[in-house]
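Colleague: Please take a close look at the loops of this model. Start with the backbone there, then carry on to the side chains and the space around them.

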Amino acid sequence: QRPRLLRVGDNYRGFPATREELLEYDCVICSDISLGAFTKEQLDWTVELVAERGGGFAMVGGITSFGAGGWDQTVWDKLIPIDMAGGTLGRGWLYHQFSVTIPDEAQKHPIWRIVEDPAQNQKVLAAMPPFLGTNYMQRLKPAATALAYSATPIPNLNAIMPVFAAQPYGRGRTFAFAPDTTADWGRYFESQWGVGDNRYFRRFWRNLVRWLAENSTAGNKRIQVETDRIIYRAGEPIVITAHTYDEKLQPTVGYEVRAQVKV
């Protein structure tokens, strides 16, 4: 009734227990976690992280995800870019092998930039392994963009279904991933999307997290500025140090940085 979340390397701590701690993060990814693992306040803070702080949110499929897990009855419903109210069909999820298709216009989305060469990237996307199960999704939210659909009709729905979708929400961004990304619905996606390895799976996640967190107030680390002290007296010099980073978060000196002091 009340699952306990544990941090990697620290069994005494779980999901941030205070608003201040959660708002230090760039994004939240919820993958098949029971609603009972969170308090109402934690759900509200997550919405604030996205809407007000420019953070990111993603939900990944599973038997306790989306409508199957009752998430359509929570404040997280407005974060999720796919309408999951129909999730009660077949208990909200099913085991079913299917492939996905990515619309041509969606292939230009930063999440799908797996390799740099456009022609090769198309081949990489077309080679995405099949999934073995999914949550039911009915339609996109009005502000959402479909990034992939099922290649064939999904049983019980008898229709092509949106599988991956993204949308802006407030100052932030959100993403829905209807199947699972690892065992057991996504075990091929996790282990076989690559060249004898899972390099494309890893690149997908780097792309997704960077895209989700791009507007994050906490995570905007393209520039870090420090001063040599906090309080200055009249006439004292102010020493400012700036470190800048490119889109891959690597140090760069390719920016022009200006500072202005207001009294």
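Modeller: Helices and strands here are DSSP runs, numbered from the N terminus, with at least four residues for a helix (H or I) and at least two for a strand (E). The model is predicted, and the values below are computed from it.

With that naming, Asn 158 falls in the loop between β8 and β9. Its phi is near 55°, a positive value in a residue other than glycine. Asn 158 counts as exposed because its relative accessibility is 64%, and the threshold for exposed is over 50%. Asn 156 is placed in the loop between β8 and β9 (162-169) as well. Asn 156 also has a positive phi, about 75°, although it is not a glycine.

The strands on either side of this loop can be related through one residue pair. Ala 146 belongs to strand β8, which covers residues 145-150. Its relative accessibility of 9% makes Ala 146 count as buried. Between the C-alpha atoms of Ala 146 and Gln 167 there are 8.9 Å, although the two residues are 21 apart along the chain.

Another loop has a different backbone feature. The peptide bond from Ala 183 to Asp 184 is cis, and its omega is near 0°. Asp 184 is in the loop between β10 (172-177) and α4 (187-192). At Arg 187, the charged end sits over the ring of Tyr 188, 5.5 Å from the centre of that ring.

Rings bring in the next loop. The structure holds 25 aromatic pairs. In one of them, the centres of the Phe 15 and Phe 38 rings are 5.1 Å apart and the planes meet at 85°, so the pair is edge-to-face; the cut-off for that class is over 60 degrees. Phe 15 lies in the segment before α1 (19-22), while Phe 38 lies in the loop between β1 (27-31) and α2 (40-51), so the pair ties together parts 23 residues apart in sequence. Phe 15 is buried, at 18% relative accessibility, and Phe 38 is buried too, at 6%. Elsewhere, ring pairs join a set of residues into a cluster, among them Phe 98, Trp 112, Phe 131, Phe 175, Phe 177, Trp 193 and Trp 205.

Phe 15 also leads to a pocket. It is one of the residues lining the second largest pocket, along with Leu 5, Leu 6, Arg 7, Val 8, Gly 14, Pro 16, Leu 22, Tyr 25, Cys 27 and Val 28. The volume of this pocket is about 230 Å³. Its lining divides into 9 nonpolar residues, 1 polar and 1 charged. Gly is counted as polar and Arg as charged, so Gly 14 and Arg 7 fill those two classes.

Cys 27, from that lining, raises the matter of disulfides. The structure holds 0 of them. Cys 27 is in no disulfide, and the nearest cysteine sulfur, which belongs to Cys 30, is 12 Å away. For Cys 30 the nearest cysteine sulfur is that of Cys 27, again 12 Å away, and Cys 30 is in no disulfide either. A disulfide is a pair of sulfur atoms within 2.5 Å, so a separation of 12 Å does not qualify. Cys 27 counts as buried at 18% relative accessibility, and Cys 30 counts as buried at 2%; the limit for buried is under 20%.

Methods:
Residues numbered from 1 in each chain as written. Predicted model: local features only at pLDDT ≥ 70, side-chain atom pairs only at ≥ 80, totals over all residues. Heavy atoms only, no water. 1 Å grid on protein atoms, 1.4 Å probe; cavity = no way out; pocket = protein on both sides within 12 Å on 5 of 7 lines; lining within 4 Å. Points joined across faces, edges and corners; volume = space filled by probe spheres on them. Buried < 20%, exposed > 50% of the residue type's maximum accessible area, 1.4 Å probe, protein only. Phe/Tyr/Trp six-rings, centres within 6.5 Å; stacked < 30°, edge-to-face > 60°. Lys NZ or Arg CZ within 6 Å of the ring centre and 35° of its normal.
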